[in-house]
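Me: I'm new to reading protein models. Could you walk me through some features, one at a time?

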Amino acid sequence: MQLSGYEDLRSRLLSRAISCEEVIRLYLDRIDQHHADNIYITVFHQQALDRAKALDRKLVEGGNPGKLFGMPIAIKDNIAIKGAGLTCASKILENYESVYDATAVLRLEEADAVFLGKTNMDEFAMGSSNENSAFGNVPNPFDKTRVPGGSSGGSAAAVANGLAMVALGSDTGGSVRQPAGFCNIVGLKPTYGRISRYGLVAFASSFDQIGVLAMNCDDAALVLEVMAGKDEHDATSSLHAVPDYRAGMAAVSVEGLRIGVPSEFFHESLNPDVARLVKGKLHELRDRGAELVDITLPESDYAIAAYYILVTAEASSNLARFDGARYGYRSGSAEDLAAMYVNSRTEAFGREVKRRIMLGTYVLSAGYYDTYYKKAQQVRRVFQDRYREALEKVDVIAGPTSPFPPFGIGDKTGDPLEMYLADVFTVPASIVGMPAVSVPVGFDSLNLPVGLHLICNFFEEGKLLGIARHMQAS
């Protein structure tokens, strides 16, 4: 069954040309065929079919179909679904089941979406390649010797392989956008606070945001519209009104659009194919009436350093709750309480999680707090000021999603600093909390996907997706 997107599926469902049950069986069959790719940690075979049958009955009985009626959706395994596993791809939560639903999940369910399962990821969303999962690697859909990106690599691979129409991910520093770029799909990180974080397992609370991965911008906009809005369970969720994002997209014209192009995003070390494809797409829009505006963001070199100081500090605090005492894995080799804490965390956390906990604890320790953490917070404020100033002059800031195409499995695991640089272009939007999206722009000389990254001002998701749609269509 070939579909152009959700509107195509919806029209077929509502006309009864096809049933929800048939659609979900098709997706579940595809998931089973890709079992060896390790994309899903948990598949909701029976639950998804039961849900599909219930929706079919609702339609027959004259019920009002929700905005996402019958949409097959995958959920990253750090987002809570009541009664389902919530592993965060970690041994420490290997057998844990959630006791409540995330707000985003509840809103999708109320809109008649169907959940297919929980997708693989880097452990506790810490990674850029999906190689840090306790459940094994996920291969890139275009070359199985390469990574799909991370930490939402399972969600990106699910959409790219046709194993879900849309998937939820989480984005702390690029974990939706970078894998979207690596898998040739659309990856949206909304404004911080646009979607409730209630039910999203915390990595770095002042950065974490649920995001959307989809084949096209229209589907991403529709899912965002359903999830967005204030939530009494999350004090950081915004009161800002939720607009009709698809109407906002339709209002965007290429003619007269001012696209800011920072010189810092096109350093000589940028992969030549990435530079060629991104610049080529920008030139296409210029030829259609857009204006390319040279801008400068001189503090860009400090982005990775500031980001990793701040997020590791928050991670060291957030992950303290996983101690073997209340839930999750507990070591059987401990002789006393202190040993239980130490052994449980030592045995169950992966290498990257341990590394970030130790870094975060260090930068928060006495004598180093002012030198590292406080200074990084000051840099964060400078970034916010610079990006606000830039977006007063242009409509959107554009650049590559990643400095290189998908890299080989194992190529960067021995060099954490090199791995961290995979997020060098996505981190700034996370530091400032602005909405950002990765949109496909073509394939390099090895037939590997390349993404273009866009940043708009706060709560301009409709405009952002409208610009991205023009890029995807050209």
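Me: Let's start with helix H13: how many residues does it have, and how far does it reach from its first C-alpha to its last?

Reply: One thing before we start: this is a predicted model. To judge a helix, set its reach beside the span expected at 1.5 Å a residue. Helix H13 covers residues 369-390, which is 22 residues, and it reaches 31 Å, close to the expected 32 Å.

Me: Which residues of H13 are buried?

Reply: For that, look at relative accessible area: under 20% counts as buried. In H13 the buried residues are Tyr373, Ala376, Arg380, Phe383, Tyr387 and Ala390.

Me: And what do the buried residues of H13 pack against?

Reply: Quite a list! Their partners include the helices H10 (303-318), H12 (351-364) and H15 (427-432). Strands S8 (291-295), S9 (396-400) and S11 (449-455) are partners too.

Me: Let's take H12. At what angle do the axes of H12 and H13 cross?

Reply: The idea is to picture each helix as a line and look at the crossing angle; 65 to 115 degrees counts as roughly perpendicular. Here the axes come within 7 Å and cross at roughly 105°, so H12 is roughly perpendicular to H13.

Me: Which residues meet there, and are they polar or nonpolar?

Reply: From H12 you have Tyr362, Val363 and Leu364, and they meet Tyr369, Tyr372 and Tyr373 of H13. The contact has six nonpolar residues, with no polar and no charged ones.

Me: Now backbone angles. What is usual for phi and for peptide bonds?

Reply: Most residues other than glycine have a negative phi, and most peptide bonds are trans. Now for some cases here that go the other way. Arg16 isn't a glycine, yet its phi is positive, about 65°. Asp112 isn't a glycine either, and its phi is positive at about 75°.

Me: Where do Arg16 and Asp112 sit, and is each one buried or exposed?

Reply: Arg16 is in the loop between helix H1 (6-14) and helix H2 (20-33). Its relative accessible area is 52%, so Arg16 is exposed. Asp112 is in the loop between helix H4 (103-110) and strand S3, and with a relative accessible area of 5% Asp112 is buried.

Me: Which peptide bond is cis?

Reply: Go to the bond from Gly150 to Ser151: it is cis, with omega near 5°. Ser151 belongs to the loop between strand S3 (114-119) and helix H5 (153-160).

Me: While we're at S3, what's going on around Thr119?

Reply: Thr119 is in strand S3, and because its relative accessibility is 0%, it counts as buried. To get a feel for its surroundings, check which residues it touches beyond four places away in sequence: among them are Ile39, Tyr40, Ile41, Ala74 and Ala158. Then look for polar contacts. The side chains of Thr119 and Ser155 are joined by one of 2.8 Å, and the Thr119 side chain also reaches the backbone nitrogen of Lys76 at 3.5 Å.

Me: Last one: Asp323. Where does it lie, and which side chain does it make a polar contact with?

Reply: Asp323 is in the loop between H10 and helix H11 (337-348). Its relative accessibility is 10%, so it counts as buried. Its side chain makes a polar contact of 2.9 Å with the side chain of Arg326. Leaving out residues up to four places away in sequence, Asp323 touches Met340, Tyr341, Ser344 and Arg345.

Technical notes
Residues numbered from 1 in each chain as written. Predicted model: local features only at pLDDT ≥ 70, side-chain atom pairs only at ≥ 80, totals over all residues. Heavy atoms only, no water. Helix = DSSP H or I, 4+ residues; strand = E, 2+ residues; numbered from the N terminus. Expected span 1.5 Å × (residues − 1). Buried < 20%, exposed > 50% of the residue type's maximum accessible area, 1.4 Å probe, protein only. Contact = heavy atoms within 4.5 Å. Axes fitted to C-alpha atoms, helices over the stretch in contact; angles between N-to-C directions. Parallel < 35°, antiparallel > 145°, perpendicular 65-115°, else oblique. Nonpolar A, V, L, I, M, F, W, Y, C, P; charged D, E, K, R; others polar. Polar contact = N/O pair within 3.5 Å; in protein donor to acceptor, adjacent residues only side chain to side chain.
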